[in-house]
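Hello,

Here is the structure I promised to pass on to you. Please open it first, and then read on for what turned up in it.

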Amino acid sequence: MGDRVVTPTGLRRYGASMTWMVTGGAGYIGSHVVAAMRSAGESVVPLDDLSTGYASRLDGVPLVEGSTLDGPLIERTQREHSVHGVVHLAAKKQVEESVRRPLYYYHQNVESLRVLLEAVTAAGVPSFVFSSTARPSTAHPTSPSSTRTRPADRSTPMARPS
Ligand SMILES: NC(=O)c1ccc[n+]([C@@H]2O[C@H](COP(=O)([O-])OP(=O)(O)OC[C@H]3O[C@@H](n4cnc5c(N)ncnc54)[C@H](O)[C@@H]3O)[C@@H](O)[C@H]2O)c1
């Protein structure tokens, strides 16, 4: 592992060969993260199954197309791209669909996190950034408070402790 330096973005870089894998990199948040990290000089490999994302958002950045549920694909991507950090943004986030298909959501959001963490841990990847779901809070149209201060809405699968 190379010398540790702090980049202008504040991200720590371990030598010149460090690559960040951005899961959900073709999503709304992910594609902005990929662009921002590349602007900051970081090497980035987006991984996305394109279930709700679009490769066209990546402005030509090569995409690894596949699921975070695919352990061998994650391992291969880590190895081939010398991944030393992961930003995990791949997720399903539709409230109505999550209520209708809770087991699908647990599989996509919870099991895929387990598979990813297993691969990352096995490879000794030192940095992992996880964005949790945007939808844990109660819908409360009359409350002026921010979603951060509202109680979690346990009626949706995304807000229940796993
Ligand atoms: N959009 C927001 O304002 C916001 C705010 C806070 C947190 N978040 C959270 O950030 C994450 C991303 O949100 P978004 O708005 O970019 O959603 P999005 O649907 O645009 O992006 C998710 C991406 O993940 C991909 N994906 C889904 N499941 C996958 C899997 N198993 N394997 C590989 N790729 C998979 C999709 O194809 C998509 O490109 C979610 O967890 C969301 O809850 C979003």
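How do the residues of the shell around the ligand divide into nonpolar, polar and charged? There are nine nonpolar residues, 13 polar ones and four charged ones. Before you go further, please keep in mind that this is a predicted model.

The ligand is a good place to start looking. It is surrounded by 26 residues, and the closest are Gly24, Gly27, Ile29, Gly53 and Ala91. Two elements each give two or more residues to this shell: helix 1 (28–39) and helix 4 (102–123). Of the elements, helix 1 gives the most, with three residues.

Next, two spots in the backbone. Most residues other than glycine have a negative phi. Leu50 is not a glycine, yet its phi is positive, at about 60°. You will find Leu50 in the loop between strand 4 (43–48) and strand 5 (64–65). Leu50 counts as partly exposed because it has 13 C-beta neighbours inside 10 Å, where a residue with 12 or fewer would be exposed and one with 20 or more buried.

The other spot is Ser82, also a residue other than glycine, with a positive phi near 50°. Ser82 sits in the loop between helix 2 (71–80) and strand 6 (83–88). Is Ser82 buried, exposed or partly exposed? There are 13 other C-beta atoms within 10 Å of Ser82, so this residue is partly exposed.

Happy exploring, and best wishes!

Methods
Residues are numbered from 1 along each chain as its sequence is written. This is a predicted model: local features need pLDDT of at least 70, side-chain atom pairs count only at pLDDT 80 or more; totals for chains, interfaces and linings use all residues. A residue is near a molecule or strand if its C-beta atom, placed from the backbone, lies within 6 Å of it. Helices (H or I, at least four residues) and strands (E, at least two) are DSSP runs, numbered from the N terminus. Ala, Val, Leu, Ile, Met, Phe, Trp, Tyr, Cys and Pro count as nonpolar, Asp, Glu, Lys and Arg as charged, and the others, Gly among them, as polar.
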